[in-house]
Amino acid sequence: MTPPDPDPELTYARYLRLGQLLALQRPLSEPEEHDELLFIVIHQVYELWFKLLLHELDKIGRDFAANDLFGAIATFKRARTIMKTLVGQLDILETMTPMSFAGFRSRLDTASGFQSVQFREVEFVLGLKRAELLRTFEPHTPGCADLARRLHEPSLIDRFYDFLGHRGVAVPAELRARDVTLPASPSPAIQEGLYALYREQPEVAILLELMTDFDEGLQEWRYRHVKLTERTIGNKPGSGGSSGVEFLKRTLFKPLFADLWAIRHRF
Ligand code: HEM
């Protein structure tokens, strides 16, 4: 028998590890409920997009720190487009009826998107820091250490303050020295600086509009997720133990970059 080739030619399937990837969708319902494969695939795809989004947001943080405006513009454009895709994908899941979901929902036990570590990482990177959420994860959940690290790291908002400083905005000392484990609060001084940048540095305004698009995109996702939940489970409690739709509604209309929204009436 010839031994296996230790260094086989790279193919599409080997490069993408399709053997492993396509073995990861394992419906639990018996007999198998047709829509369970959709449910698994769509959540796995979300997790892959979250992974890429984190990669891109980390780069934007470095661009901000280095005053690389065009790097930040290019990458925010990508992040914004990923966010729009995240919203659009919910259409596919909305082709699943409440009846079909009820056919396998009990198999989910307490599993819920609420337990997505990467979604929390995205929130933390963007400055939506809620330390208490760390306690909702089992200590050895994959990614938990990354989430804890991100809690203590400056968020994109802190890097944005650095960038604004490079662009001539007088960033208040208390913002520079703020506790980065807490969410950032709106700041009149930052709003003044942003207003001036819109008027005096049009190339920076392009970035600020992309950030606004991204922010609106996340708010859109939250709204569409609430409606998806409402049409699929009505007023039933969530599998993660919350009240369901009422719980999710509390997350609506909360901006990431509040200072960008606070000045729009002034133009
Ligand atoms: C039939 C489809 C879905 C239903 C019925 C549903 C339902 C829910 C409910 C009720 C919650 C609140 C926590 C709980 O008690 O479980 C929740 C949270 C969450 N779900 Fe979904 N969900 C669905 C699809 C998705 C998809 C496709 C994603 C994509 C990753 C997702 C991501 C999340 C996230 C990230 C949270 C936490 C939100 C937050 O705390 O702000 N869900 N979901």
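**View 1. The largest nonpolar core of the predicted model.** This core counts 56 residues. F64 and F76 have the most contacts inside it. Several helices each supply at least two of its residues: helix 3, helix 4, helix 5 (90-93), helix 7, helix 9 (156-166), helix 11 (188-200) and helix 12. Helix 12 gives the most, with 11 residues.

**View 2. Contacts of F76.** Leaving aside residues up to four places away in sequence, F76 touches I60 and F64. It also touches L156, L207, L210, M211 and F214. F257 completes the set.

**View 3. A second nonpolar core.** This core is separate and has six residues. Among them are V117, F124, C144 and L151.

**View 4. The iron atom and H225.** The iron atom belongs to the ligand. A single donor comes from the protein: NE2 of H225, 2.1 Å away. H225 sits in helix 12, which spans residues 202-233.

**View 5. The shell around the ligand.** The ligand is surrounded by 27 residues. S112, R120, H225, G240 and S242 are the closest. By type, the shell holds 12 nonpolar, 13 polar and two charged residues. Helix 3, helix 7 (117-125), helix 12 and helix 13 (245-249) each contribute at least two residues. Helix 12 gives the most to this shell, with six residues. Helix 12 also gives the most to the core of View 1.

**View 6. Polar side chains at oxygen atoms of the ligand.** Three side chains are shown, those of S112, R120 and R222. A polar side-chain atom of S112 lies 2.7 Å from a ligand oxygen. For R120, a polar side-chain atom is 2.6 Å from an oxygen atom of the ligand. In the side chain of R222, an N or O atom is 3.4 Å from a ligand oxygen. S112 and R120 are also listed among the closest residues of the shell.

**View 7. A66 in the loop between helix 3 and helix 4.** Helix 3 covers residues 36-65, and helix 4 covers 69-88. A66 lies in the loop between them. Is A66 buried or exposed? A66 counts as exposed because its relative accessibility is 55%, and the cut-off for exposed is over 50%. Along the chain, A66 and H166 are 100 residues apart. Their C-alpha atoms are separated by 8.7 Å.

Definitions and conventions. Residues are numbered from 1 along each chain as its sequence is written. This is a predicted model: local features need pLDDT of at least 70, side-chain atom pairs count only at pLDDT 80 or more; totals for chains, interfaces and linings use all residues. Side-chain values use heavy atoms; hydrogens and water are left out. Donors are N, O and S atoms within 2.8 Å of the metal (3.2 Å for Na, K and Ca); water is not among the atoms, so sites may look incomplete. Helices (H or I, at least four residues) and strands (E, at least two) are DSSP runs, numbered from the N terminus. Buried means under 20% relative accessible area, exposed over 50%, partly exposed in between (1.4 Å probe, protein chains only). A residue is near a molecule or strand if one of its heavy atoms lies within 4 Å of it. A polar contact is a pair of N or O atoms within 3.5 Å; within protein, one must be able to donate a hydrogen and the other to accept it, and residues adjacent in sequence count only if both atoms are side-chain atoms. Ala, Val, Leu, Ile, Met, Phe, Trp, Tyr, Cys and Pro count as nonpolar, Asp, Glu, Lys and Arg as charged, and the others, Gly among them, as polar. A nonpolar core is a set of buried Ala, Val, Leu, Ile, Met, Phe, Trp, Tyr and Cys residues joined through side-chain atoms within 4.5 Å. Contact means heavy atoms within 4.5 Å.
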